[in-house]
Amino acid sequence: MDDAAFRQLLLREEDLEESFFGEEPSAAYDPAYVSGDESGRAIVDLTNMLTHGTHPDTTHHASALFTNVVGSVVFHHVARFGNGACRQVYQQLHDAVRACERYRMELNDGVRLDISKVDLAPIELGDGGIVVRWLSTVDHFRIETAWAIVAKDDVLTFVNTRIPDEREIHRLARTAVDRVADLTGTP
């Protein structure tokens, strides 16, 4: 499979229930760990590794970012790994998210966010996954986000949303994982 075909796994504007437009993912999400739980450092390192495809066993990766005028955001990343690394990377991310209660990170534009975990629950998709809800604060703003992280065969799907409807993370994760199932031929 070539990179263009792999990009077909990404969410598209028509998958989103609100009016969104695409942006360049690397311009919006390149955080640095600042302080807090040491597992927060692992989260930042792992999400950066996924975004940039820098894990040595990454064979394909793709990212999409969508924003809208009311401040909702959807970031979607998929990565295919060789040598059984998908399960390993999923487990590392799962363990870091489970262990982390709060951390501070800085985005590439200098904005610092204080991030606290609100909830963590399993999601019955693919070969297993989690949904984690975060509360980020910057100055006097409070931002609620949700992540779905799902492993399916040798592909890891990561969906990060800032959408008020809590059901939307589940719907988007299902759409994303269904595309992976179509790719791999396994339900």
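In the predicted model, Asp-153 is found in the loop between S8 and S9. The residue adopts a positive phi of about 55° although it is not a glycine. With a relative accessible area of 34%, Asp-153 is partly exposed, because that value falls between the 20% and 50% limits of the classification. A positive phi in a residue other than glycine also occurs at Asn-83, where the angle is about 60°. Asn-83 is placed in the loop between S4 and H4. Its relative accessible area is 75%, so Asn-83 is classed as exposed, the limit for that class being over 50%.

The chain contains 5 helices and 9 strands. Read from the N terminus, the order of these elements is α-β-α-β-α-β-β-α-β-β-β-β-β-α. Of the 187 residues in the chain, 50% are buried. Among contacts with a separation of 6 or more, 60% are accounted for by residues 24 or more positions apart.

In soluble globular proteins, nonpolar side chains tend to be buried together. In the present model, the largest nonpolar core comprises 34 residues. Within this core, the residues with the most contacts are Val-97, Tyr-103, Trp-147, Ile-149 and Leu-156. Two or more residues each are supplied by helices H3 (38–52) and H4 (85–99) and by strands S4 (73–81), S5 (102–106), S6 (112–123), S7 (129–138), S8 (141–152) and S9 (155–162). The greatest contribution is that of H4, with 7 residues. Apart from this core lies another, of 25 residues, which includes Leu-16, Ala-146, Ala-148 and Val-159.

The surroundings of Val-97 were examined in further detail. When neighbours within four places in sequence are left aside, Val-97 is in contact with Ile-43, Lys-117, Leu-120, Ile-130, Val-132, Trp-134, Trp-147 and Ile-149. Two of these partners, Trp-147 and Ile-149, are themselves listed with Val-97 among the residues with the most contacts inside the largest core. The C-alpha atom of Val-97 is separated by 8.7 Å from that of Ala-42, the two residues being 55 residues apart along the chain. Ala-42 is located in helix H3. This alanine has a relative accessible area of 30% and is therefore partly exposed; a residue counts as buried under 20%.

Two further positions in strands were considered. Leu-135 lies in strand S7, and its relative accessibility of 17% places Leu-135 in the buried class, for which the value must be under 20%. Residues up to four places away in sequence not being counted, Leu-135 touches Asp-114, Ile-115, Ser-116, Val-118, Arg-142, Ile-143 and Glu-144. For one of these partners, Val-118, the C-alpha separation from Leu-135 is 6.5 Å, at a distance of 17 residues along the chain. Met-105 belongs to strand S5 and, at 5% relative accessibility, is likewise buried. The C-alpha atoms of Met-105 and Asp-30 are 9.9 Å apart, with these positions 75 residues apart in chain numbering.

Open space at the protein surface was also analysed. Rolling a probe the size of a water molecule over the atoms shows where empty space is left. The second largest pocket has a volume of about 160 Å³. Its lining consists of 13 residues, of which Arg-133, Glu-144, Thr-145, Ala-146 and Glu-166 are the closest to the pocket centre. Strands S7 and S8 are the elements that give two or more residues to this lining. By residue class, the lining divides into 7 nonpolar, 2 polar and 4 charged residues. Ala-146, listed for this lining, is also a member of the core of 25 residues. Glu-144, another of the residues closest to the pocket centre, is one of the residues touched by Leu-135.

The cysteines were considered last. A disulfide is a covalent bond between the sulfur atoms of two cysteines. The structure holds 0 disulfides. Cys-86 has a relative accessibility of 3% and thus counts as buried. Cys-100 is buried as well, its relative accessible area being 0%.

Terms used. Residues are numbered from 1 along each chain as its sequence is written. This is a predicted model: local features need pLDDT of at least 70, side-chain atom pairs count only at pLDDT 80 or more; totals for chains, interfaces and linings use all residues. Side-chain values use heavy atoms; hydrogens and water are left out. A nonpolar core is a set of buried Ala, Val, Leu, Ile, Met, Phe, Trp, Tyr and Cys residues joined through side-chain atoms within 4.5 Å. Buried means under 20% relative accessible area, exposed over 50%, partly exposed in between (1.4 Å probe, protein chains only). Helices (H or I, at least four residues) and strands (E, at least two) are DSSP runs, numbered from the N terminus. Contact means heavy atoms within 4.5 Å. On a 1 Å grid over the protein atoms alone, a cavity is a set of points where a 1.4 Å probe fits but cannot get out, and a pocket is an open set with protein on both sides within 12 Å along at least five of seven lines; lining residues have an atom within 4 Å of a point. Grid points are joined across faces, edges and corners, and a volume is the space filled by probe spheres set on the points. Ala, Val, Leu, Ile, Met, Phe, Trp, Tyr, Cys and Pro count as nonpolar, Asp, Glu, Lys and Arg as charged, and the others, Gly among them, as polar. A disulfide is a pair of cysteine sulfur atoms within 2.5 Å.
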